[in-house]
Amino acid sequence: MGKKIVSFVLFILSLLASISLTLCVLLKINLREDKIVSYIKGADFSFIADEATIIGEELISQVEDYFIEIEIPKDTIKSVLNSEATKDFVGKYAASVLSYLIYETDEKVITDKEVLNLVTENMPIIETALTNVGLTLTPEEEDKIMALAKEHASDVAYFFPSAKELLADVPFSKVVLINNFTLADFFNSIRLITSIPFLLIGLLITSILLFLLWLINKGMRVKYFKTFFFIYALFFILGEIILGTVVKEFLMEEVSLLSPFINYIINEISKEVWLIILISLGLSFGISRIKRKEEKNEKISNELCSGNGSEEN
C-alpha cells in the first residue's frame, strides 16, 4: 500500500514538473530574437494602414512623412510596410524592447546604417509598387531617394530610441496586475523561469522524479509511463483548445489593432504545441505496443512450457 502511495505521489510530481518545464522551454524559445523576427515576417502588416486608431495613424503618419521627405509616393507605403526588409527592421526593434523588459538588456538596434539598409532593401518593392500604379522609378530618381535617405537617416533613427530610453517613464513597479503583483514582478518572473539555471534545475528535478518512478515500479513501469505520456498530451490538448479559443478571442478583442498579428502568432505557437502532443501520444502508443508484445510473448512462452510439461507426462 505504501509503495502505491509513493508511486502515485511521484507520478503526480513528475507530471507537474514535466508540464511546467515544457511550458518554460516553450516560453524561452518564443522569446528569442530570431523567433520574434520570424513571427513578424510571417504576419501581414498591411492591416496597420487600414486601422483608424491613434496608434495606427501615428505610425502611418511617421512612415508617410519619412517617405514623402525622400520623395517616395504614398502609393508605395502599404507595400513597404509589408516587405521582408521592413518586418525584419520592426522585428529586431520589437525583440530589443522585449529583451529589455524581461532580461534588462539595453542596446541601440536602430542606427543610421539600419535605416539606410531599410531603404536600400525596399527599393525593388518601391519600384514594383510604382509600376503597378503606372509610374516608373528611374535611376536618377533612385539616386535622389538614396541621397535624401542618407540626409534624413539620423532623424528616422531618432524615432527608434533604445528600449531603456523608450520605456524610461513607464512605472512598471506601480502598475498592479492582481493582489500587489505588479507589471515589474511579472517581467521578473518571466526572466526567472526562462533563465538557463532555472531550466537546468527543472530538468534535473524532473529527471530524478521520473527515474525514481521507474526504479520502484519494476513490474508496473509500462502502465505508469503509458499513462504519464497520455495525461501529459491530454493537458496540452486542453491547453491548445483554450489558447485557440478563449485566449485568442480575448486578446483580439482587447488589442483589436493587432488582431491579425495575434491570430498569426497564436496559430504558430499552436503548431509547436501540437508537435508536443503528437510526440507524447506517439510515445504512449509505442509503450502500449511494447506491453502488448511482451504479454503476447509471455503467453506463447507459457503455452510452450505447458506443452512441454504435458509431453513429458
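The following exercises, each with a worked solution, concern charged and aromatic side chains in a predicted model.

Residues are numbered from 1 along each chain as its sequence is written, and side-chain values use heavy atoms, without hydrogens and water. In this predicted model, local features need pLDDT of at least 70 and side-chain atom pairs count only at pLDDT 80 or more, while totals for chains, interfaces and linings use all residues.

**Exercise 1. Determine which parts of the chain are linked by the salt bridge of lysine 35.**

Step 1. A salt bridge requires a side-chain nitrogen of Lys or Arg within 4 Å of a carboxyl oxygen of Asp or Glu. Five such bridges are present in the structure.

Step 2. The partner of lysine 35 is glutamate 272, with the closest N and O atoms 3.0 Å apart.

Step 3. Lysine 35 belongs to helix 2 (residues 33–42) and glutamate 272 to helix 13 (residues 259–312), so the bridge ties together parts that are 237 residues apart in sequence. Helices are DSSP runs (H or I, at least four residues), numbered from the N terminus.

Step 4. Glutamate 272 has a relative accessible area of 16% and is therefore buried; buried means under 20%, exposed over 50%, and partly exposed in between (1.4 Å probe, protein chains only).

**Exercise 2. Classify the two residues of the salt bridge between arginine 191 and glutamate 104 as buried, partly exposed or exposed.**

Step 1. The closest N and O atoms of arginine 191 and glutamate 104 are 3.9 Å apart.

Step 2. Arginine 191 is in helix 10 (residues 183–193), whereas glutamate 104 is in the loop between helix 6 (84–103) and helix 7 (112–132), 87 residues apart.

Step 3. Arginine 191, at 23% relative accessible area, is partly exposed. Glutamate 104, at 54%, is exposed.

**Exercise 3. Locate the salt bridge between glutamate 268 and lysine 271.**

Step 1. These two side chains meet at 3.0 Å, N to O.

Step 2. Both glutamate 268 and lysine 271 lie in helix 13, three residues apart, about one turn of the helix.

Step 3. Lysine 271 is exposed, with a relative accessible area of 54%.

**Exercise 4. Describe the geometry of the aromatic pair formed by phenylalanine 228 and phenylalanine 229.**

Step 1. Rings of Phe, Tyr and Trp (its six-membered ring) pair if their centres lie within 6.5 Å; planes under 30 degrees apart count as stacked, over 60 as edge-to-face and the rest as tilted. The count by this rule is 10 aromatic pairs.

Step 2. Phenylalanine 228 and phenylalanine 229 are 5.2 Å apart, centre to centre, with 85° between the planes, an edge-to-face pair.

Step 3. Phenylalanine 228 is buried, at 3% relative accessible area.

Notes. Helix = DSSP H or I, 4+ residues; strand = E, 2+ residues; numbered from the N terminus.
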